[in-house]
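Reader: Please take one part of this model and look at it closely. I would like the second largest pocket, its lining, and the contacts made by the residues there.

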Amino acid sequence: MRMRQFITVCLMLMCTASFGQFVTIGPATPIAPLGCFRLNPDVENQLGYVWVTNQIDLSQPFEISCELFFGFNDGGADGVSFIFQQIGTTATGQGAGGIGYQGINNSVALEFDTFTNGWDSPAGTADHLAVMINGIQDHTNGAGNLAGPVDILATSPNAEDGMMHDVNIIWNPLVDSMRIYVDCNLRLELQYDFVANVFGGNPMVYVGAAGATGGARNQHRFCLKDVLYNLDTLYTCAGDTISLDAGPGTAYNWASTYNISSNNTRLTEVWPTVDTTYLVVATDSCGFPSRRLFTVITTDPATIDPNLGNDISFCDGSSFSYDVSRPEVSQYLWQDSSMLPTFTVDTAGIFWVELTNICGTQRDSVTATLLFPPTVDLGPDDTLCQGTTRLLDLPIPNAAFTWQDNPMFNDSTFLVNQAGVYTVVVVNSCGAGTDTIEFFEGISPSVDLGADTTICDQTDFVLDATTVSNATYMWQDMSTMPTFTATQSGEYSVSATNLCGSVSDTINLTFDQRPVVELGNDTSFCEGNTLTLDVTWTPGSSYIWQNGDTSSVITATVSSLYEVIVFNGCGFDRDSLLITVIEAPVPGFLQDSSLLCDGMEDTLRTGYSDPIFSHEWNDLSTDSILLVSDAGTYSVRVFNECGSAEDQTVVTASISPLVDLGDDFEVCNDQTIFLDAFWPGATYQWTDGVTTSNREINEEGIFSVNVSNECGTVSDEVRVTHLFPPEAVDLGQDLTLCEGDSIILDASQPTTFPPVFFRWQDGTEAPIYKVERTQDISVVVSNECGESTDNATFTFTQSATAEIIGDSVLCNGSTEELTLLARSTIDDVDYLWQNGSGESTFLVSDTGLYFVTISNDCSSATDSVRVISRFCECIIEAPTAFTPNDDGINDSFRFFPNCDLRQGTWSIFDRWGNKLYESENITDRWDGTNRQGNLVQEGVYVWVYQYNYLGEGEEQVITNSGTVTVLR
């Protein structure tokens with residue numbers, strides 16, 4: 001629980017480029033590396049805040065680990081405060097000596113004060129630390145000063161030493177205890193119920209940091225050592241190897257194992273083939289963990305596909321812009337040789353761009369087409385004959401059409417079907433056009449002789465083709481009257497013509513009579529005879545019988561209702577006839593035998609239930625069925641007008657079987673049981689294929705049997721479950737552990753039935769046994785089916801520690817060597833330095849990172865120290881980040897020398913080695929642009945300088961390099 005809360009607090013104290021988890025007030029701004037903030041610049045009368053948007057819970061334990069920077073000026077002011085409050089992320093107090101927390105009621109402030117004011121008299125002149133509540137900054141006020149003041153540093157009265165200092169804040173709500181460590185040294189410890197006495201019983205608070213200056217000044221910063229997000233984003237080709245540095249620490253644990261060379265060293269190599277996040281936990285010499293997250297973005301040319309999209313069209317006089325910027329792209333190249341990530345298209349043509357990253361180059365192209373306002377022409381006015389249509393078609397692409405001011409007709413075509421005025425407005429993305437046309441009405445002739453028809457019971461029929469005036473007519477016989485009299489079947493046609501056109505029509509006429517049908521009365525005949533049915537009518541008539549037959553004559557051979565429809569062009573007639581074919585009975589209508597089971601009755605049926613059949617049974621009954629309840633032989637005669645037949649059957653009696661296998665069995669796995677399903681005269685079928693009535697069982701499962709005779713089948717089943725002795729218990733091999741550790745031995749069984757019993761060497765009977773000291777362990781596990789036993793020996797030894805003692809600074813140009821001493825709190829240990837040396841001391845003559853691992857049979861511990869060199873008489877300092885955003889604050893990068901420099905140069909390079917800037921004057925400033933005057937992207941850039949300076953009466957050369965981060 002303690003570690004989980006620690007991670008939560010550190011997550012809340014992180015920020016992203018979008019400040020998604022933070023609210024900043026005043027000059028506070030994030031700086032490199034990620035997870036760091038500059039609370040205020042080295043300027044007078046500054047006050048900056050960083051508030052976390054999520055609250056923390058004081059009812060839960062937590063740790064906050066970070067680094068604080070108090071500036072270079074020992075006479076500067078004023079300091080940094082950590083503040084817990086309930087107002088929210090807009091809370092502000094007073095600056096200068098109030099260090100941001102003064103005046104914030106219901107608050108707890110951890111004050112890191114680097115300037116002595118009148119109310120700081122108990123602290124003397126040293127930079128001091130105190131715990132203050134309710135916005136009171138006066139250390140002489142007992143109601144506000146809960147703990148301190150004490151010196152911030154245990155080793156020096158001056159905290160404004162230009163160094164980053166480790167700060168660890170540990171809160172334990174069980175005893176209301178807060179401990180504050182600075183550089184591994186416990187500086188303050190107090191017990192106080194903040195929730196009840198400051199926050200009114202509400203444990204949920206906001207946390208933040210503030211930095212302030214007054215008449216004196218210093219820059220103040222803080223950096224979180226535990227950063228669980230993309231602290232470092234690195235780009236590499238898929239499968240290539242890249243080195244990762246976990247930073248300072250004494251022990252390392254890389255949580256990710258995907259394509260990694262080592263998971264317990266500071267430096268490791270990875271070669272991912274997909275985007276991968278690597279998390280490392282580094283433990284410092286104080287025992288506090290810090291975390292660092294590396295996001296390795298694997299790339300190849302395909303990942304930088306420019307993707308200009310589909311071909312484009314735009315209006316003449318307008319333009320279209322592209323932005324193909326990618327964080328992993330190192331070079332942009334357009335078809336006109338421009339090299340910016342953006343490009344504007346304002347003419348027609350083919351345009352392309354190439355993107356280049358560390359793995360290759362990708363190109364995409366697009367075709368641009370110019371569009372113009374539409375030109376609309378419906379043609380001249382015209383005449384529209386009645387009944388005709390005219391299609392108005394405007395083949396203008398990518399346009400909207402409105403006909404007669406009606407937006408419903410949004411189509412490039414319009415069908416005109418009547419006289420009138422028609423108007424269209426055509427709109428595209430570049431403009432609009434309109435036109436109007438008028439159609440005058442013209443009347444066309446029309447002829448309709450009607451549908452083909454049949455003339456029934458008539459000798460003639462008049463056809464009339466009369467239409468509009470001024471029409472002429474032409475019939476099939478060349479006659480020209482508007483009417484024509486038909487007297488016989490055939491096809492008749494006529495044409496009508498005027499100025500608007502010519503039309504024609506055709507009709508078929510048939511002269512005929514309505515049919516009459518008569519089938520006669522219903523009838524019957526014996527099987528084997530037939531009857532002919534004939535309904536023939538006039539030629540051209542059609543016939544359909546009930547069975548689909550279309551003949552005029554059919555022969556009836558079976559019993560059925562015979563129905564026929566006769567039809568022609570004059571109508572139809574129908575009739576029906578019921579014909580019954582009488583069958584003579586035949587022998588074999590009784591089943592050969594019947595069985596009466598368990599005293600039940602049975603019914604004997606002849607199958608001749610129709611009333612036309614008569615019955616005579618041997619018991620003189622005359623029904624078509626006979627109910628029997630006794631065994632014996634039964635006979636019957638069946639007869640009608642067409643014949644007779646006799647048959648007999650035998651009826652026997654029996655009873656159904658019974659079976660009972662008994663209750664389910666639970667037995668030890670080495671026992672056998674006996675099952676018996678016997679029934680006289682029965683057959684047996686077990687589920688596993690056995691066909692005997694009884695059997696022995698020595699396995700577990702469900703055993704089922706079917707017992708059958710002529711009266712049926714019955715079944716029963718029984719479940720056999722095996723009980724087993726305990727499984728083999730395994731306490732593991734003999735084991736050596738570190739003193740203070742413990743191990744839990746678990747002899748539990750997967751199942752506890754039948755009941756399992758445990759007995760350890762000291763008589764303990766629980767399944768779990770805890771080992772905390774050196775001893776021999778044994779256990780016996782038993783149940784009713786057997787037992788299992790095992791033993792092991794456990795030995796506890798002391799753990800090793802590691803510490804490096806010695807100076808870590810070499811003066812440049814000096815021949816002096818440093819001696820590093822490795823020591824541990826225990827004897828009998830082995831030493832291993834980074835170069836393989838096994839001595840307890842190490843002689844240093846050059847700068848670099850030196851580390852030693854001290855180990856014994858129990859464990860190992862690692863400590864490290866970085867030896868740096870500096871010109872003891874000339875120091876040039878440089879910032880680690882700047883923000884070229886023209887806000888007047890930290891807009892450029894420059895150096896700060898403390899000595900007289902002579903001839904020399906300094907330069908800025910990008911990560912591919914391209915030189916972006918160069919100057920001979922050490923006091924010049926870089927404004928974050930490249931040689932073309934364009935602002936560079938956010939990221940890390942390398943600086944290098946080489947200068948001469950006058951030291952000890954002669955010129956000496958200073959050469960150094962480092963990195964600076966550009967932020968927006």
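Author: What follows starts at the pocket, moves to a salt bridge at its lining, and ends with other pairs elsewhere in the chain.

This is a predicted model. The second largest pocket holds about 360 Å³ of space. Its lining is made up of 15 residues. Nearest the centre lie Tyr-252, Asn-264, Thr-265, Arg-266 and Thr-862. Three elements each give two or more residues to this lining: strand E18 (251-254), strand E69 (848-855) and strand E70 (860-870). E70 gives the most, with 4 residues.

Now the chemistry of the lining. By class, 8 of the lining residues are polar and 6 are nonpolar. The charged class has 1 residue. Arg-266 counts as charged under the classes used here, and Arg-266 is one of the residues nearest the pocket centre.

Follow Arg-266 outward. Its side chain meets that of Asp-245 in a salt bridge, at 2.6 Å from N to O. Arg-266 sits in the loop between E18 and strand E19 (267-270), while Asp-245 belongs to strand E17 (residues 242-245), so the pair ties together parts that are 21 residues apart in sequence. The two partners differ in exposure. Arg-266 has a relative accessibility of 11%, so it counts as buried, the cut-off being under 20%. Asp-245 has a relative accessible area of 29%, so it counts as partly exposed.

The salt bridge count for the model comes to 9. Two others can be set beside the pair at the pocket. Arg-363 and Glu-354 join their side chains at 2.9 Å, N to O. Here the arginine, Arg-363, is partly exposed at 46% relative accessibility. Glu-918 and Lys-915 form another salt bridge, with their closest N and O atoms 2.8 Å apart. Both of these partners are partly exposed: Glu-918 has 45% relative accessibility, and Lys-915 has a relative accessible area of 30%.

One more residue deserves a look, Phe-115. Phe-115 lies in the loop between strand E8 (107-113) and strand E9 (128-133). Its relative accessible area is 31%, so Phe-115 is partly exposed. Phe-115 and Thr-213 are 98 residues apart in sequence. In space, their C-alpha atoms are 9.6 Å apart.

Back to the pocket, then. Arg-266 is among the residues nearest its centre, is buried, and is held in a salt bridge with Asp-245.

How values were computed:
Residues are numbered from 1 along each chain as its sequence is written. This is a predicted model: local features need pLDDT of at least 70, side-chain atom pairs count only at pLDDT 80 or more; totals for chains, interfaces and linings use all residues. Side-chain values use heavy atoms; hydrogens and water are left out. On a 1 Å grid over the protein atoms alone, a cavity is a set of points where a 1.4 Å probe fits but cannot get out, and a pocket is an open set with protein on both sides within 12 Å along at least five of seven lines; lining residues have an atom within 4 Å of a point. Grid points are joined across faces, edges and corners, and a volume is the space filled by probe spheres set on the points. A salt bridge is a side-chain nitrogen of Lys or Arg within 4 Å of a carboxyl oxygen of Asp or Glu. Buried means under 20% relative accessible area, exposed over 50%, partly exposed in between (1.4 Å probe, protein chains only).
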